[in-house]
Amino acid sequence: MALTGGEGNRRRHVILALAVPLLATLFVAFIASPLAARGAPDSFADLAERLSPAVVNISTSQVLKPGDMAIPGVPEDSPLNDFFDEFMEQQQGPRPQRVQSLGSGFVIDPKGIVVTNNHVIEGADKIEVTFIDGTTLPATVKGSDPKTDLAVLEVVSDKPLPYVELGDSERIRVGDWVVAIGNPFGLGGSVTAGIVSALNRDIHAGNYDDFIQTDAAINRGNSGGPLFDMQGRVVGVNSAIISPSGASVGIGFAVPTSTVKPVVDQIMKYGETRRGWIGVRIQSVTPEIAESLGLGVARGALVAGVSPDGPASAAGIETGDIVLAFNGRTINAMRDLPRVVAETDIGSTVDVQLFRDGETLTRKIEVGRLEDEEEKVAQSAPKDEPVEKATVVLGLSLSALNDDLRRRFGVPAETEGVLVTDVDPLGAAIEKGIRPGDVIVEVAQRPVSTPADVERIVLSEEKGGRRSVLLRMSSAGDIRFVALRLGGE
C-alpha cells in the first residue's frame, strides 16, 4: 500500500529520531576507543586514593650558625648573604638559628623503609615523616647517595605501614600517563598528572644522569616524592625542575627506578653504595672521530686513558678503543658507560665489546669497585713569548719537545710527542679546545715525535681521501682525542 505524503514524512521523522542518537553513540565510541586503548583514565581518583597513604611528607631541621645562613635563591658567595648575616646578628644577636625545610618521600616496605632525595635530608639533625592520616614518626637515615640524589630512611611503627612497589622504568614510553603525589609548598597529599615528556635526559647534575622528564606539575616540596605509572607502580623519584620562577612550568625530572633499585638495595645491604669500576677515562665519539676511525655512525665511548693497574688494563683494553657494549648492554653514548659499569656487580666477569683498528672484538673484564678519587688540579701552561720557527699544521704551531719547552709549558717529563706552541684563534682547533702547551702524542693512531711527523701523516691522510684526522692529545698529563677536518674545512 502506498504511503501518502504526510504518512511518508512522519515515517522518515521516526527513523531519523531513532538513528541520530545511535549514530552519536557510535561516533563517541569511535573517538573514545583510541584513548581507551592508550590507557587514558576517566579519573585518577581510584589511583590517588589507593596510593596516597604510602606517600609521606618529610620535614627536617638543622641548626645553622650566623655565618652559615643564606638568603634562599641567592648564591652562597653573594655579598647579599653577608648583609643578611649582619642584619640577623643585629636583630637576634650572634646566636645559632634552627631552620626547617619540607620535602616528600614514599614507603617501599611495611616495616618502615622510606625513599626520598638526598638533598631533602642532607645536613639535617632532625627528620620527621608525616602520613596522610596525620601520624608523625621520627626517622633515621640508613644511607644516602649524593651522586644520584637518593636517600633511604627508616621509621619505627607498631603496625605495618602502607607501602608502594618499585616498578620497571625501562618499560615506560614517551607519551605514557604518570601521576605525581607529594608535598608541594607544604601542601601535603597533592596529586598531579601528566605524561612522560622524554626519557634518558642529561641535565648535567652528575655522572649518572638518566632522568625521566614529565609535564606533571612538580614544585618545591615535591622533591623525593614518587612518580607512578597507571598500574600504581613507582617509576621515578621526583628530583628537579627547570623553571625561571621556581614554580612548575611543565618541565620536571625524576630519577628512574632503574637507577633507584640498585642504590636502595646496596644501602639496605651495606649502608652505602658500592659501584663498579673498570679503570678507564672516556670521552664522546663525535662524527669526526667516528669518520677518522672508520666507525661510521658516531656511537659508543672512546677510551682516552687506561689505569695501569685497573681491570681494563688487565683485560687488554687499550687507549683509542671504542666501547660499543658492556655486559650485554649497548653503549649508545659516552654517558651510558659509567652508569652501566656502576650498576654491574663488583667482582663479576662480563663481556665488553670493542671497536679497534676497523674491527669489532670482545674481551672479558672483571669489574672492580669504584673508590672516591682525589680531585686533580690541572696546571695551566704559562703564556710566554711564541717560539720561533714553528711548523704550522692544521692551524697549530708545532715544535719538538726539549727541556726548556717542557719547563716553560709545564709538560710532564714522561710525556712524549710534539708540542703545540700556538693556535690559530680563527681555526677549528681552538674550537675543539686545543691550547698552547698541549702535546700531540699520536696522529691517526701513529706516534709522533717531531713536527715533520705530524705534517707527513696529515698529508698522507689527505691523499688517502680522509676528511678528518684523529689526534691523541696530552693536556697537563690528561689524555684525550680530538678529530680535526682536513683540507681547511
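# A tour of ring pairs, charges and a surface patch

Buried residues account for 41% of the 489 residues in the protein. The model on screen is predicted. Before selecting anything, colour the chain by secondary structure: the protein has 11 helices and 27 strands. Its accessible surface is about 26,400 Å², and carbon and sulfur atoms hold 52% of that. Of the contacts between residues at least 6 apart in sequence, 61% join residues at least 24 apart.

**Stop 1: aromatic pairs**

A pair of aromatic rings is described by how far apart the centres are and by the angle of the planes. The whole structure contains 2 aromatic pairs.

Select phenylalanine 44 and tryptophan 177. Their rings form a tilted pair, 5.6 Å centre to centre, with 55 degrees between the planes. This pair links distant parts of the chain: phenylalanine 44 sits in the loop between α1 (5-37) and α2 (45-51), and tryptophan 177 is in strand β7 (residues 177-182), 133 residues apart. Phenylalanine 44 is partly exposed because its relative accessible area is 22%. Tryptophan 177, at 30% relative accessibility, is also partly exposed.

Next select phenylalanine 211 and phenylalanine 253. Why is this pair edge-to-face? The ring centres are 6.2 Å apart and the planes stand at 70 degrees, and planes over 60 degrees apart count as edge-to-face. Phenylalanine 211 belongs to strand β9 (residues 211-214) and phenylalanine 253 to strand β12 (residues 252-256), 42 residues apart. Both phenylalanine 211 and phenylalanine 253 are buried.

**Stop 2: arginines over rings**

Select tyrosine 270 and arginine 274. Arginine 274 lies over the face of tyrosine 270, 3.8 Å from the ring centre. Then move to tyrosine 208, where arginine 275 lies over the face at 4.6 Å from the ring centre.

**Stop 3: salt bridges**

Side chains of opposite charge can pair when their charged atoms come close. The count here is 18 salt bridges.

Select aspartate 210 and arginine 339. They form a salt bridge, with the closest N and O atoms 3.6 Å apart. Aspartate 210 is in the loop between β8 (190-201) and β9, while arginine 339 is in helix α8 (residues 336-342), so this salt bridge ties together parts 129 residues apart in sequence. Are these two residues, aspartate 210 and arginine 339, buried or exposed? Both aspartate 210 and arginine 339 are buried. Add Asp336 to the selection: Asp210, Asp336 and Arg339 are linked in a network of salt bridges.

Now select glutamate 272 and arginine 369, whose side chains meet in a salt bridge at 3.1 Å, N to O. Glutamate 272 lies in the loop between α5 (257-270) and β13 (276-277), and arginine 369 in strand β20 (residues 368-369), so the pair ties together parts 97 residues apart in sequence. Glutamate 272 is partly exposed at 32% relative accessible area, and arginine 369 is partly exposed at 31%.

Finally for this stop, select aspartate 453 and arginine 456. Their salt bridge has its closest N and O atoms 3.3 Å apart. About one helical turn separates the two, because arginine 456 and aspartate 453 are 3 residues apart in helix α11 (residues 451-463). Aspartate 453 is buried, with a relative accessible area of 17%.

**Stop 4: a nonpolar patch**

Show the surface and select Ile242, Val249 and Ile251. These residues make a nonpolar surface patch of about 230 Å². Valine 249 is in the loop between β11 (234-241) and β12. With a relative accessible area of 46%, valine 249 is partly exposed.

Terms used: Residues numbered from 1 in each chain as written. Predicted model: local features only at pLDDT ≥ 70, side-chain atom pairs only at ≥ 80, totals over all residues. Heavy atoms only, no water. Phe/Tyr/Trp six-rings, centres within 6.5 Å; stacked < 30°, edge-to-face > 60°. Helix = DSSP H or I, 4+ residues; strand = E, 2+ residues; numbered from the N terminus. Buried < 20%, exposed > 50% of the residue type's maximum accessible area, 1.4 Å probe, protein only. Lys NZ or Arg CZ within 6 Å of the ring centre and 35° of its normal. Patch = residues over 30% accessible without salt bridge, like charges linked within 9 Å, V, L, I, M, F, W, Y side chains within 5 Å. Areas by Shrake-Rupley, 256 points an atom, 1.4 Å probe, with all protein chains shown as cover. Salt bridge = Lys/Arg side-chain N within 4 Å of Asp/Glu carboxyl O. Contact = heavy atoms within 4.5 Å.
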